[in-house]
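Welcome aboard, and please open the model in your viewer with the ligand displayed. We will go from one selection to the next, with a short look at each stop.

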Amino acid sequence: MGTKSGYTYWIMDKEPRKFYVTTPIYYVNDRPHIGHVYTTTLADVLARYHRLRGDDVFFLTGTDEHAAKVADAAAERGLTALQWADQNAGEFQQTFTRLQLSHDDFIRTSEDRHKQRVVAYIQQLLDSGDVYQGEYEGWYDAGQEEYVPENKAQEYEFKSPVNGKALVRRAENNYFFRLSKYQDALQQHIEANPNFVEPDARRNEVLGRIREGLADVPISRTGAEGWGIAMPNDPDHTIYVWIDALFNYLTTVDTDERIQYWPADVQLVAKDILWFHAVIWPCMLMALGRPLPGRVYAHSYWISEGQKMSKSLGNFIDLERIDQYVSDFGLDALRYFLITQGPLGSTDSDFAHAKYIDVYNADLANTLGNCAARGTNMIVRYFDGKLPERGPSVPASRSHASTADEAVATVLGAIDRVNLTQAVDAALGIVRSIDLYIEQTQPFRLAKDPEQLPQVGTILYNCAEALRIASLLLWPVLPDRMQQLWDRLGCTSYTQALENAGRGDLTRWATWGQLQPGTPVSKGDPLFPRYDES
Ligand code: ME8
């Protein structure tokens, strides 16, 4: 902090902290569905929280294109693999743009910038002896494009746990990654860094499996017919799609301008692909001599109306359903449902229509929307649409300033732990406290007596100020509607800072007492109109 012309000001040009967040890169054999939208929305909300607090954010998503199932799906349609990949990668990009996801880059593994660097990394591993040639035989899950260890294959009765198709016995001459060499180092890293794999239940599973022992893994296959990245100096072998794909997190930022973002701070994945991210990936990074990511967070699954989503049941929450929810309830409402009801921890979540309506009406229409409408309506009605002065103090059970300060601290801590549900809950807690305050102080009754108007001013000032702080803390989840609310409260400078500089200054902005009395306040349409199915 410093002083200038008698005012205290924060030094704005302090070096921002970098924050790099990734999502899995998605297969382009099919169109996006709610699972893809979910993880990308989680990353978006995290990215926005970090931008809001002033961090220098890099948010990456993209598509994983070199899978055999992409080539197969293309062949069924008489297209080349790249044509089909272009079409679906385009669909992912358009969907993410339509959903206003704020990624800084979208990597496609078929791009040269990715392929060239993958070849260089594999060459480095060949040179160091961490990649070598050998013979491999095992149970192969063709749908997942992965070998299943013998004990797991037995447990699954030699069927894919994902699509139920028979595992096939396959023998190949492959290149291998010397995973076994890194077993101890990885185990120590996970034990010493409790946040490296989260949530805890998943971390324990991963540690348990590592302790059973890590065998070297094949990283190439033959017969890919030109779809994929060839092994350096050995065009008959194609780099296994998973190895190619994992490198995306590094290839995208391995340039002079971006390398300061590495290592990733948070890598979001779902539980099905945690092994690759918590074991194979960090060991490859160790072999390359690169720093490891800060956190690999594996969320659980969305199911649909109580059932696992599957092609055969045809119950995917697909793009059509997603667009329908956006048009019926608004984009912010979809984001809110995903973030507050989603499978962020270690249990699955049900995407159920009735629950969607309940959550929307309870939290958004009745709590947040209603609170904003009450406060602004009274300011318009009793103070001619100008924010009143803080008059004499009014007895209340709790100070708003301290409720807001605590919420800000809770949100900042929750964000660091990727606990988005807790962050939203703390922000909404401010809104609930405003409702309670209005119930206790009854400004609508006091306003009937002109002598009490200064007290009404205090109450409404406090409500508006608390609402302003709540809106800042809710913006990452509800960017569109909170910006509308800022317009009504005369806080358009936040929108400008976030749009122009790409970052905010949350701790300064969220300090109590910044709304200026006399500022025009308008009421506008309901932010979240109540939804009535009929
Ligand atoms: O696995 N609930 O791609 P993918 C929640 N290309 N999230 C879900 C979900 C569900 N029911 N279904 C999918 C791949 N997801 C690889 C990844 S990374 C180097 C390569 C989300 O298209 C979740 O994030 O099958 C999951 O990890 C991802 O989609 C899998 O997408």
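**Stop 1: the ligand and its polar partners**

Select the ligand together with Ile25: a nitrogen atom of the ligand sits 2.8 Å from a polar backbone atom of Ile25. Keep in mind as you go that this is a predicted model.

Next, add Asp64. Here a ligand nitrogen atom is 2.7 Å from an N or O atom in the Asp64 side chain. Then bring in His36, where an oxygen atom of the ligand lies 3.2 Å from an N or O atom of the side chain. How much of the ligand does the protein bury? On its own the ligand exposes 670 Å², and the protein buries 92% of that.

**Stop 2: the shell around the ligand**

Now select the residues that surround the ligand, 22 in number. The closest are Ile25, Tyr27, Thr39, Asp64 and Trp302. By type, the shell splits into 13 nonpolar, 7 polar and 2 charged residues.

Try colouring by secondary structure here. Strand β3, helix α1 (34-52) and helix α8 (241-246) each supply at least two residues of the shell. Which of these elements gives the most? That is β3, with 4 residues.

**Stop 3: Thr23 in strand β3**

Stay with β3, which covers residues 18-27, and pick Thr23 within it. Is Thr23 buried or exposed? Thr23 is buried, because its relative accessibility is 0%, and the cut-off for buried is under 20%.

Show what packs against Thr23. Leaving out residues up to four places away in sequence, Thr23 touches Thr39, Thr40, Ala43, Phe59, Leu60, Thr61, Gly62, Tyr249 and Leu268. Thr39 deserves a second look, as one of the residues closest to the ligand. Zoom in on Thr61 as well: its side chain and that of Thr23 are joined by a polar contact of 2.7 Å.

For a longer view, draw a distance from Thr23 to Tyr175. The two are 152 residues apart in sequence, and their C-alpha atoms are 27 Å apart in space.

**Stop 4: the cysteines**

Finally, select the cysteines. How many disulfides does a search of the whole structure find? The search finds 0. Cys491 is in no disulfide, and the nearest cysteine sulfur, belonging to Cys371, is 15 Å away. A disulfide requires the two sulfur atoms to be within 2.5 Å, so that pair does not qualify.

Cys491 is buried, with a relative accessible area of 5%. Cys283 also counts as buried, at 0% relative accessibility.

Methods. Residues numbered from 1 in each chain as written. Predicted model: local features only at pLDDT ≥ 70, side-chain atom pairs only at ≥ 80, totals over all residues. Heavy atoms only, no water. Buried < 20%, exposed > 50% of the residue type's maximum accessible area, 1.4 Å probe, protein only. Contact = heavy atoms within 4.5 Å. Polar contact = N/O pair within 3.5 Å; in protein donor to acceptor, adjacent residues only side chain to side chain. Near = heavy atom within 4 Å. Areas by Shrake-Rupley, 256 points an atom, 1.4 Å probe, with all protein chains shown as cover. Nonpolar A, V, L, I, M, F, W, Y, C, P; charged D, E, K, R; others polar.
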